[in-house]
Amino acid sequence: MTSLICLNLSSNHLSENIPNNIKQLFKLESIDLSNNQLNGSISDSIGQLSKLESIDLSGNQLNGSIPDSIGQLSKLESIDLSGNQLSGSIPDSIGKLSKLESIDLCGNQLSGSIPDSIGQLSKLESIDLSFHQLNGSIPDSIGQLSKLESIDLSGNQLSGSIPDSIGQLSKLESIDLSGNQLSGSIPDSIGQLSKLESIDLFGNQLSGSIPDSIGQLSKLESIHLSFNQLNGSIPDSIGQLSQLESIYLYGNQLSGSIPDSIGQLSKLESTDLSGNQFSGSIPDSIGQLSKLEIIGLSSNQLSGSIPDSIRQLSKLEFIGLSGNQLSGSIPNSIGQLSKLGSIDLSGNQLSGSIPDSIGQLSQLESIYLSGNQLSGSIPDSIEQLSQLESIYLFSNQLSGSIPASIGQLYRLKSINLSGNQLNGSIPNSVWQLSKLVNISLSGNQLSGSFPASIVQLSNLEGIYLSGNQLSGSIPASIGQLPKLKIMDLSNNQFGIGFHA
């Protein structure tokens, strides 16, 4: 087999070690042993395969270090050792692979620093060193990789700042440095990456403001800067990112108002700015985001009313505005959001009634309006929400009776109407909700008896009816509920004993 040029034994059940005599295949240009069960170390003799252009040993159980002899493979264009158990450091000799275009070492147990010699790989287009235990700083020499299109160093323990030289990577399309310990500010030079489509710096310790130069990234489609320590405001230049489809900035210390220019992001599908210190009102221009599917603005300091322009977001599937200081009423136009699957407006200062138009949200699975100042009755139109699984209206000022039509919501698993001023009896139809797991009606003015038909709720785990005016006996059939863990019927007017 000494004339062998290409060897492909991928996706078999090969086990044991890679044989040492592989070095005898001196004409070999391509070797693919990926997705087997090979173990042991990579032999140092691999460096003798002088004609090798491509090597793929990914998806095995190889251990030990990457041999230093790998630097002798002067014709190597592609190397994939991902998904093994390789340890030790990345050999400095890797810088000798002058023809290397792609390197994937993802998902091993490599440690130590990224060698400075990596900057010598002048033809490198793609590098993936993600999910190791690499430490130290990102070498400044990385800026010499003029052909680099994709870099993934995520899930390591890299520290220090993002080198300013990164701005020299004029062909870079994707950068992922998430899940490290990088500090300092995002370099202003990032605005020079004119071909950048995706940037992920999630889960570091980056501080300072988002550079205004980010608005120069005209091809940017995705930006993820969440869970850092970024402060300052969102630059108004963000409105220039005409290709942007997703922006995630949650879990920072960003402040100021949400710029009106956000309405210019005509391709935006998903945005989450939760967990910051944004103030002011939600800009009316948000209604211009015709492709928006997800919006998260929870846990900020936003005030004012929910803009009526929200009705224009015909593709919206999730809206999260909880934990702000929003006031005024829930706009009746919310009923026009026909694709809405979940709405969370809890923990605000919203007042007025729940709009009857909410019944038009035929795709709605969960609704969270708790912790507001909502008044009036629960609208009968709720019966139209055939997909509803969770409804949380607790801690408001709702009055009137619980509509019997709630019993038509056969998918309902969790209902919490506690801490309101609801009166009348609990409709029998509630006890026919066979998928119900938790029901909380505590702290109302409900009266009437406890029906024996509760035995039908075989999935019920928690029932909370404390602080009402319920009377009569507790049905003995409640003991037949196989999954019941918590039952709180305190502070009512129940008589002594259980009735059959």
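Strands are DSSP runs of E, at least two residues in length, and are numbered from the N terminus. The model described here is predicted.

Three strands form an open sheet in the order S7-S9-S11. The pairing in this sheet is parallel. S7 and S11 stand at the edges. Each has a single partner strand, so one side of each is left without a neighbour in the sheet. S7 covers residues 87–88, and S9 covers residues 109–112. Two bridges join S7 to S9. At this pairing, Ser 87 stands opposite Gln 109 in S9. On the other pairing, S9 is joined by two bridges to S11, residues 133–134. Here Ser 111 is placed opposite Gln 133 in S11.

The loop that follows S9 in the chain runs to strand S10, residues 126–128. Two charged residues of this loop deserve mention. Asp 116 has its place in the loop between S9 and S10. Lys 123 lies in the loop between S9 and S10 as well. Each belongs to a surface patch.

Asp 116 is one of the residues that gather in a patch of negative charge on the surface. The patch also takes in Asp 44, Asp 68, Asp 92, Asp 140, Asp 164, Asp 188, Asp 212, Asp 236, Asp 260 and Asp 284. Lys 123 contributes to a positive surface patch. The other members of that patch are Lys 27, Lys 51, Lys 75, Lys 99, Lys 147, Lys 171, Lys 195 and Lys 219. Lys 123 has a relative accessible area of 35%. Partly exposed means between the limits of 20% and 50%, so Lys 123 counts as partly exposed. A patch takes residues with over 30% relative accessible area, and Lys 123 meets that cut-off because its value is 35%.

Further along the chain, Ser 434 is found in the loop between strand S33 and strand S34. S33 spans 421–425, and S34 spans 438–440. Ser 434 has a relative accessible area of 40% and is partly exposed. Gly 407 is 27 residues from Ser 434 along the chain. The C-alpha atoms of Ser 434 and Gly 407 are separated by 9.8 Å.

Key
Residues numbered from 1 in each chain as written. Predicted model: local features only at pLDDT ≥ 70, side-chain atom pairs only at ≥ 80, totals over all residues. Heavy atoms only, no water. Pairing = 2+ DSSP bridges. Helix = DSSP H or I, 4+ residues; strand = E, 2+ residues; numbered from the N terminus. Patch = residues over 30% accessible without salt bridge, like charges linked within 9 Å, V, L, I, M, F, W, Y side chains within 5 Å. Areas by Shrake-Rupley, 256 points an atom, 1.4 Å probe, with all protein chains shown as cover. Salt bridge = Lys/Arg side-chain N within 4 Å of Asp/Glu carboxyl O. Lys, Arg positive; Asp, Glu negative; His and termini not counted. Charge placed at Lys NZ, Arg CZ, Asp CG, Glu CD. Buried < 20%, exposed > 50% of the residue type's maximum accessible area, 1.4 Å probe, protein only.
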